[in-house]
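Biologist: I have just opened this structure and would like to learn how to read it. Could you walk me through a few features, beginning with a loop?

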Amino acid sequence: MNINEIARLAGVSRTTVSRYLNNGYVSEEKKEKIRKVIEETGYQPSTQAQMLRTKKTKLVGVVLPKINSDTISREVAGISDVLAKRGYQIILANTNNDIEEELKSLSLFRDNQVDGVIFIATMFTRKHKQMLKEYKVPIVILGQWLEGYPCVYQDDYYASYMITEKLLEKGQNAAYIGVTDRDEAVGAKRRKGFEAALHKKKVPVVPERMKIGNFTMESGYECAKELLQQTPLIDSLICATDTMAVGAITCIKELGLRIPQDIQVVGIGDSSFGKIIEPKLTTVHFFYKTSGMEAASMLADLMENEEGIRKEIKMGCEIVLRNSHREN
């Protein structure tokens, strides 16, 4: 079965079938005829032939920092939903938060036959910026803002600001568990949001009440332990991620403290962990799947139209009130 036979059986021209297979304009009547023949015959167009003709592979590379992440899985689900509907397949490159592996993956996709790349970024070194300047295929950055590049990112500053402000309604001795400022979004922006909320309430920013973790439950546990040993009067704990908040809650319980009566704890991200731990975690919800969908739609537009618009999209967020903060 080939394109000529499809055209004969459908009663249309070969050109019409070609336009149909390449998403060109075809009248609804002829579309239905061609679709019916393809369905009945089980015809599959030759991927290699299409690639030679269009110079397109219909492949998209996705560079991600870690595969076992609730955030990343939601973003990838959104990416996959959109790109599949638009006829693309994705290739995942998991870098395990290794900068050199990240650069290798970006280089691999740059030099091989993918039509575009979505880069789920955590930080930008000088090497990253140099490599991105050399990119010949469309690329969209997800999760971080970088001037001059199409990107979809979260309002990390405001998320941290408003959840800290919420805790300060019923607490004065606040502490913070974050990540390195090399991560501009989760690190620097969320720390600055925490500090800004303290300034607004005229609560002093005490460096000793701020610890740096590494996204894991274990680091949340250890940071909480250090904070409570050094400053037993802490009554409010803001964590830059839900994962670290779950680790902190485990530590606090082991120390015999009550949540939220003795110390209230919040996270950011609205992960599945926060919904099952007791007490259930008050947090900030980001629209991660929608973010992935926005990034995929933007990339598809850029791949299919050289004059596509390079947009910067800052996503919204909302507080999710559960049981780990004090209301009275």
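Modeller: Gladly! Start at Phe215, which sits in the loop between β7 (210–212) and α10 (217–230). Keep in mind that this is a predicted model.

Biologist: What is the value of phi at Phe215?

Modeller: Phi there is near 80 degrees, a positive value in a residue other than glycine.

Biologist: Which peptide bonds are cis?

Modeller: Look at omega for these. A cis bond joins Ile259 and Pro260, where omega is about 10 degrees. Pro260 belongs to the loop between α11 (242–254) and β9 (264–266). The bond from Glu278 to Pro279 is also cis, with omega near -5 degrees. You will find Pro279 in the loop between α12 (272–276) and β10 (283–286).

Biologist: Now the sheet. In what order do its strands lie?

Modeller: To read a sheet, follow the pairing from one strand to its neighbour. Here six strands form an open sheet in the order β2-β1-β3-β4-β5-β11, and the pairing is parallel. β2 (89–94) and β11 (312–315) are the edge strands; each has a single partner, so one side of each has no neighbour in the sheet. From one strand to the next, the twist averages 15 degrees.

Biologist: How many bridges link β5 and β11?

Modeller: Four bridges, in the parallel sense, pair β5 (residues 151–154) with β11. For a pair to locate on screen, take Tyr153, whose bridge partner in β11 is Lys314.

Biologist: Which strands does helix α6 lie across?

Modeller: Helix α6 (residues 99–111) lies across β1 (59–64), β2, β3 (116–120) and β4 (139–142). Relative to β1, α6 runs at about 170 degrees.

Biologist: How should I read two helices that meet, such as α8 and α9?

Modeller: Ask about distance, then angle, then handedness. The axes of α8 (residues 156–168) and α9 (residues 184–200) come within 7 Å and cross at roughly 40 degrees. An angle of 35 degrees or more but below 65 counts as oblique, and α8 and α9 are therefore oblique to each other. The crossing of α8 past α9 is right-handed. Residues making the contact include Tyr157, Tyr161 and Leu168 of α8, and Val186, Phe194 and Leu198 of α9. By class, the contact of α8 with α9 has nine nonpolar, three polar and six charged residues.

Biologist: At what angle do α5 and α13 cross?

Modeller: The axes of α5 (residues 70–85) and α13 (residues 288–304) cross at roughly 40 degrees and come within 7 Å. α5 and α13 are therefore oblique to each other, and α5 passes α13 in a right-handed crossing. Among the residues in contact are Ile79, Asp81 and Val82 of α5, together with Lys289, Met293 and Ala296 of α13. The residues of this contact divide into eight nonpolar, four polar and four charged.

Biologist: Which residue forms a salt bridge with Lys289?

Modeller: First the general idea: side chains of opposite charge can pair when their charged atoms come close. Here the partner of Lys289 is Asp81, and their closest N and O atoms are 3.1 Å apart. Lys289 lies in helix α13 and Asp81 in helix α5, so the pair ties together parts that are 208 residues apart in sequence.

Biologist: How many salt bridges are there in the whole structure?

Modeller: A search of the whole structure finds 24.

Methods: Residues are numbered from 1 along each chain as its sequence is written. This is a predicted model: local features need pLDDT of at least 70, side-chain atom pairs count only at pLDDT 80 or more; totals for chains, interfaces and linings use all residues. Side-chain values use heavy atoms; hydrogens and water are left out. Axes are lines fitted to C-alpha atoms, for helices over the stretch in contact, and angles run from 0 to 180 degrees between N-to-C directions. Angles under 35 degrees count as roughly parallel, over 145 as roughly antiparallel, 65 to 115 as roughly perpendicular and the rest as oblique. A crossing is left-handed if the near helix is turned anticlockwise from the far one by less than a right angle, and right-handed if clockwise. Contact means heavy atoms within 4.5 Å. Ala, Val, Leu, Ile, Met, Phe, Trp, Tyr, Cys and Pro count as nonpolar, Asp, Glu, Lys and Arg as charged, and the others, Gly among them, as polar. Two strands pair if DSSP finds at least two bridges between them. A salt bridge is a side-chain nitrogen of Lys or Arg within 4 Å of a carboxyl oxygen of Asp or Glu.
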